[in-house]
Structures are given as structure tokens and as C-alpha cells.
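Please look through the sequence and the model below before reading on. The paragraphs after it are meant to be read with the structure open alongside.

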Amino acid sequence: MANDLKILQGFDGIVMVRDLAKAKTEDAKMVPYLTSTDFELSRDSDSTATKSGNVAKVGGLETSFSFETLDSTSETLDLLHKSLVDKTTLEFWFVKLGLLGTDGQKVFAHYMRGRISKDSESGDPDDNGTREFEVAVDGEPKDGYTKIPEGLREQINYIFQGLLKNDGTNGKDGSGAA
């Protein structure tokens with residue numbers, strides 16, 4: 001059992017987003033330069049004292065989802081801002097790349113729909129600009145496993161390239177053959 005345990009690293013958690021209206025025509029896009037994510041599920045609870053003991057009452061599931069990124073000229077950040085201004089519904093996936101399904105091909109994700117409720121920008125003269133987004137989640141998130149778009153891992157961290165020209169004889173995309 002202990003050998004099966006794997007620590008999930010913070011960099012394995014990424015945020016993917018797509019305009020719900022474009023679900024049939026576009027793949028989800030990664031939020032670039034992500035620096036932090038916060039995903040929290042909670043329920044309010046209360047109890048009523050009875051002569052037989054306390055009886056618990058549990059409220060509805062509440063979701064808090066926010067993330068921070070370096071500011072950039074990314075169209076994805078424009079999509080997030082547009083959701084706040086125009087109240088458009090977006091699809092979000094909080095993907096855990098380090099948590100593979102039993103087939104080894106899919107990764108675990110929390111899926112949710114909602115709108116951006118906060119877009120906070122800040123920038124100091126001696127540092128990169130940052131953006132913090134908060135999501136107003138509709139309903140309850142769903143958990144599952146999903147395939148990731150082709151080339152996503154390369155967007156996150158470039159892959160090893162061999163020294164030879166990338167003409168297809170140096171492994172897939174020039175990688176692997178040193």
C-alpha cells in the first residue's frame with residue numbers, strides 16, 4: 001500500500017477553461033502561467049438537540065474556486081475577463097496531471113460550470129503583473145477522468161529535444177534519441 005502512494009505536487013494542478021457556447025467546436029484551453037489554485041468544497045452543518053441526542057442537519061454543497069496567474073496577452077485571460085463583464089458561462093476543469101486513471105491515459109479532474117465573479121489585477125514596478133480570478137460555480141462540481149488535449153504537457157514544460165535536426169529520425173518530435 002505504501003508503495004502505491006504518490007504525493008501530488010502543486011504544479012500537477014492546472015486549470016482548463018472553455019466558453020460553454022463553444023463546447024461543440026473548441027477544445028478547452030489551459031490558463032497560462034498559473035501560480036496558484038484554490039478549490040474548496042464545504043457544507044454548512046447544524047445540529048438539533050433531542051432527548052435521544054443530537055441530530056445533525058447538513059446543508060447543500062458549496063464550492064469555492066479561485067486561481068492566480070501572471071498577467072499576459074493570452075486570449076484565455078481575455079475570455080475570463082469577458083465572462084465577468086458579459087456574464088457568460090464557462091466550463092472549468094481543475095485537472096490533476098499526476099493522478100492517472102487505471103488506463104494510464106486519462107487524468108483526474110473536477111469539472112464545473114460558472115462565471116467569473118472577480119478579476120483582480122495588480123502589478124508592482126519591479127515584478128510581473130498578476131491576475132486573480134474567482135469563479136461563481138453553478139450547481140455541484142462533478143469528478144471524473146478525462147483525456148488531455150494533444151500537446152498539453154509540452155505547453156506546461158517543454159520536452160527533451162535531441163541534438164540532431166528535428167527531421168523525424170531523432171525520435172518523436174526530435175525527442176528521446178540522444
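What follows goes from the confidence of the model to its sheet, its cores and its aromatic pairs.

The model is a predicted one, and the protein chain has an average pLDDT of 84, with 83% of the residues scoring at least 70. Among the elements of the chain, helix α1, residues 75-86, has the highest mean pLDDT, at 95, while helix α2, residues 152-156, has the lowest, at 64. Over residues 173-178 the pLDDT stays under 50, and for this stretch the model has 16 contacts beyond four places in sequence. Where pLDDT is low, the predicted coordinates should not be read in detail.

The sheet is a good place to begin. Seven strands make up an open sheet whose order is β2-β1-β5-β6-β7-β4-β3, with antiparallel pairing. Its edge strands are β2, residues 29-30, and β3, each of which pairs on one side only. Helix α1 packs on this sheet, where it touches β1, β2, β4, β5, β6 and β7, and its direction makes about 75° with that of β6.

Within the sheet, strand β3, residues 34-50, runs antiparallel to β4 and is joined to it by 15 bridges; the two strands form a hairpin with two residues between them. One of the bridge partnerships sets R43 against L61 in β4. Strand β4 is also joined to β7, again in antiparallel fashion, by six bridges, and S66 stands opposite E134 in β7.

Just before β1, which spans residues 13-19, lies the segment that contains D12. D12 has a relative accessibility of 14% and therefore counts as buried, the cut-off for buried being under 20%. Leaving aside residues up to four places away in sequence, D12 touches V95, K96, L97 and G98.

Turning to the nonpolar interior, the largest core has 15 residues, of which F65, F67, L80 and F92 touch the most other members. Strands β1, β4, β5, β6 and β7 and helix α1 each supply at least two residues of this core. Another core lies apart from it and consists of eleven residues, including I14, A28, M30 and W93. In soluble globular proteins, nonpolar side chains tend to be buried together.

F65 deserves a closer look. Beyond residues up to four places away in sequence, F65 touches V15, D38, F39, F92, F94, M112, F133, E134, V135 and V137. F65 also belongs to an aromatic cluster that it forms with F39, F67, F92, F94 and F133.

How many aromatic pairs does a search of the whole structure find? The search finds nine. In one of them, F65 and F92 meet edge-to-face, at 5.9 Å centre to centre and with 75° between the planes. This pair links distant parts of the chain, with F65 in strand β4, residues 53-70, and F92 in strand β5, residues 90-100, 27 residues apart. Both F65 and F92 are buried.

F108 and Y145 form an aromatic pair that is likewise edge-to-face, with 5.6 Å centre to centre and 70° between the planes. Because F108 lies in strand β6, residues 107-122, and Y145 in strand β7, residues 130-146, the pair ties together parts that are 37 residues apart in sequence. Are its two members buried or partly exposed? F108 counts as buried because its relative accessibility is 12%, whereas Y145 has a relative accessibility of 43% and so counts as partly exposed.

Key:
Residues are numbered from 1 along each chain as its sequence is written. This is a predicted model: local features need pLDDT of at least 70, side-chain atom pairs count only at pLDDT 80 or more; totals for chains, interfaces and linings use all residues. Side-chain values use heavy atoms; hydrogens and water are left out. pLDDT is the predictor's confidence in each residue, from 0 to 100. Helices (H or I, at least four residues) and strands (E, at least two) are DSSP runs, numbered from the N terminus. Contact means heavy atoms within 4.5 Å. Rings of Phe, Tyr and Trp (its six-membered ring) pair if their centres lie within 6.5 Å; planes under 30 degrees apart count as stacked, over 60 as edge-to-face and the rest as tilted. Buried means under 20% relative accessible area, exposed over 50%, partly exposed in between (1.4 Å probe, protein chains only). Two strands pair if DSSP finds at least two bridges between them. A nonpolar core is a set of buried Ala, Val, Leu, Ile, Met, Phe, Trp, Tyr and Cys residues joined through side-chain atoms within 4.5 Å. Axes are lines fitted to C-alpha atoms, for helices over the stretch in contact, and angles run from 0 to 180 degrees between N-to-C directions.
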